[in-house]
Amino acid sequence: MTTSNALRMGAACLAACLLLAGCGKESFSSTTITPETTSVPQAGQSTAASAASQPDGIPWLVQPDSSIEWVQSLADYPLNTVNPMDHREELYLFHRDGKTGVVDLNGVVVIPESEDVHWCAVCGLTNDDESKVFDRSGKVTGAGGHGSETVTFQYDETSGQLYYLDYGEYQPWSSSLSGSGSFMAPIVKVSLRTLAQGEDVGEPYRVNADGTLTALQVEETGEYLQADSMTGKPLNQQRYQDYKLCKSGLFPVKVDGLWGYVDEDGEMQIHCKYENVLPFDTGIAAVRMNGKWNYINLADVYQTNLGFDEAATACDGKAWVKSVNGWGVVALANCKQ
């Protein structure tokens with residue numbers, strides 16, 4: 001037996017022993033994405049970009065991988081309510097071969113795509129059937145399974161009242177459910193629903209003072225407004241076509257087909273002029289103009305100008321971005337000519 005074969009056999013035995021010693025909690029060794037990586041990455045591969053080789057003229061920290069279909073920061077999702085994950089902004093979902101895993105800004109695969117994970121507003125990182133919940137190191141900490149994820153608020157423009165939907169029941173808004181600051185609520189039109197003889201009330205419904213139920217019909221308008229969390233009243237008359245998670249005190253909002261940012265008081269801080277945007281994180285946000293993505297600061301000043309095909313939310317001055325050669329990691333400070 002050659003020395004190299006002996007080393008390989010020893011490594012395999014060690015891996016088997018570690019797996020058996022895991023007390024039923026499965027974890028994954030860190031692996032690295034490189035252009036040559038297959039759907040089962042090999043541990044220990046280097047991602048350092050050589051100074052002489054910079055595809056597309058982009059100074060890559062992690063070389064681009066064309067097999068990755070999309071990347072999204074966990075910072076774009078609301079913080080999970082059960083065992084909230086610290087520093088989730090350092091981790092990214094990546095999609096490859098039809099499944100989703102988790103990778104960091106060094107190109108290290110924390111959870112392989114074979115686990116096909118997603119972000120749950122209650123559990124955090126979990127697999128498709130929520131039989132596994134993962135911590136930020138990729139270790140399985142338990143199983144998911146829960147009730148309603150979040151309270152759903154809706155603004156009824158017919159009555160001018162804010163309601164929340166609780167398993168099909170419309171209930172009056174309560175400040176105890178919405179926290180501080182402001183929030184976005186979909187605008188709906190609520191009316192009474194006529195029942196045929198013998199028909200059950202069904203959902204949605206309202207409970208009357210005498211305990212009887214009234215069937216409701218809810219028509220969605222496809223628009224949103226910003227409401228004060230303390231009063232439950234609209235901050236203004238502005239309607240939005242869409243919005244994204246509030247970060248750094250700013251909501252990304254869409255008006256007349258273009259995106260900008262509004263603060264928690266309802267004041268427009270960056271006018272709606274971009275084709276698409278992502279939430280701010282650590283004072284930096286990705287924005288798309290003329291089909292290309294770059295990054296701006298809170299003063300709406302460009303921090304990069306290379307123009308990427310796709311981009312993910314930045315963290316600590318680095319970000320996953322996409323060029324014609326695939327997804328990789330850059331340092332934003334190196335991406336302004």
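In this predicted model, the side chain of S159 makes a polar contact with the side chain of D156, at a distance of 2.7 Å. The side chain of S159 also reaches the backbone nitrogen of Q161, in this case at 3.4 Å. To place these contacts in the fold, it helps to know that S159 is found in the loop between β11, which covers residues 152-156, and β12, which covers residues 161-166. With a relative accessibility of 37%, S159 counts as partly exposed, because that value lies between the 20% under which a residue is buried and the 50% over which a residue is exposed. Further along the chain, V190 stands 31 residues away from S159 in sequence, and the C-alpha atoms of the two residues are separated by 8.0 Å.

From this loop we can turn to a later part of the chain, where four strands form an open sheet in the order β17-β18-β19-β20, with antiparallel pairing. The edges of this sheet are β17, at residues 242-243, and β20, at residues 268-274, and each of these edge strands pairs on one side only. Strand β17 is joined by 2 bridges to β18, which spans residues 250-255, and these two strands run antiparallel. Within this pairing, Y243 has V253 of β18 as its bridge partner.

Seen as a whole, the chain contains 1 helix and 26 strands, and of its 337 residues 42% count as buried. Its accessible surface comes to about 17,200 Å², and carbon and sulfur atoms account for 50% of that area. Among the contacts in the chain with a separation of 6 or more, 46% are between residues that lie 24 or more positions apart.

How far the reader may lean on each region depends on the confidence of the prediction, which is best considered stretch by stretch. The average pLDDT of the chain is 84, and 80% of the residues score at least 70. Over residues 1-31, however, pLDDT stays under 50, and for this stretch the model has 26 contacts beyond four places in sequence. Residues 34-53 likewise have a pLDDT that stays under 50, and there the model has 35 contacts beyond four places in sequence.

Technical notes. Residues are numbered from 1 along each chain as its sequence is written. Side-chain values use heavy atoms; hydrogens and water are left out. pLDDT is the predictor's confidence in each residue, from 0 to 100. Contact means heavy atoms within 4.5 Å. Two strands pair if DSSP finds at least two bridges between them. Buried means under 20% relative accessible area, exposed over 50%, partly exposed in between (1.4 Å probe, protein chains only). A polar contact is a pair of N or O atoms within 3.5 Å; within protein, one must be able to donate a hydrogen and the other to accept it, and residues adjacent in sequence count only if both atoms are side-chain atoms. Accessible areas come from the Shrake-Rupley method with a 1.4 Å probe; for residues, only the protein chains shown count as cover.
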